[in-house]
Amino acid sequence: MLSAVGALGSAFLLLPLVARGLVQLFGVLLRGTIWVAASVGRGDDVWTIAAALGRGATAALLTPSALGVLGGLLALGALALFGLQRVLESEDQEE
């Protein structure tokens, strides 16, 4: 019962963040598509476009917010592994 309430509460709190992230993702995809179309229209070759995309992706991943999200995911994964280890140890002790 308590876990269901916690799951619903966290889903209710995270829903606006997910919606905002999707809107931002669509905006980035739209701007990227327009940029690629303009680059192709200018006559840029594939390697120039790929290099610019790589630089943009690297710059986006090195922002403090992106590094914070990656750090949070890393911590969440470590907690999940720790919990899995505890569950598996408790099952071994029961047998």
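**Figure 1. Residue classes in the lining of the second largest pocket.** In this predicted model, the lining of the second largest pocket comprises five nonpolar and two polar residues, with no charged residues. The residues concerned are Ala 60, Leu 61, Thr 63, Ser 65, Ala 66, Val 69 and Leu 70. The space within this second largest pocket amounts to about 160 Å³.

**Figure 2. Helices that contribute to the second largest pocket.** Both α2 and α3, the latter spanning residues 64-94, provide at least two residues each to the lining of the second largest pocket. The greatest contribution is that of α3, which gives four residues.

**Figure 3. The largest pocket and its lining.** The volume of the largest pocket is about 300 Å³. Its lining includes Val 28, Arg 31, Gly 32, Trp 35 and Val 36. Ala 52, Leu 53, Gly 56 and Ala 60 also line the largest pocket. Ala 60 is thus listed in the lining of the largest pocket and also in that of the second largest pocket.

**Figure 4. Helices and residue classes around the largest pocket.** The helices α1 (2-42) and α2 (46-61) each furnish at least two residues of the lining of the largest pocket. The largest share, five residues, belongs to α1. By class, the lining of the largest pocket consists of six nonpolar residues, two polar residues and one charged residue. Helix α2 therefore deserves attention in both views: α2 supplies at least two lining residues to the largest pocket and at least two to the second largest pocket.

How values were computed:
Residues are numbered from 1 along each chain as its sequence is written. This is a predicted model: local features need pLDDT of at least 70, side-chain atom pairs count only at pLDDT 80 or more; totals for chains, interfaces and linings use all residues. Side-chain values use heavy atoms; hydrogens and water are left out. On a 1 Å grid over the protein atoms alone, a cavity is a set of points where a 1.4 Å probe fits but cannot get out, and a pocket is an open set with protein on both sides within 12 Å along at least five of seven lines; lining residues have an atom within 4 Å of a point. Grid points are joined across faces, edges and corners, and a volume is the space filled by probe spheres set on the points. Ala, Val, Leu, Ile, Met, Phe, Trp, Tyr, Cys and Pro count as nonpolar, Asp, Glu, Lys and Arg as charged, and the others, Gly among them, as polar.
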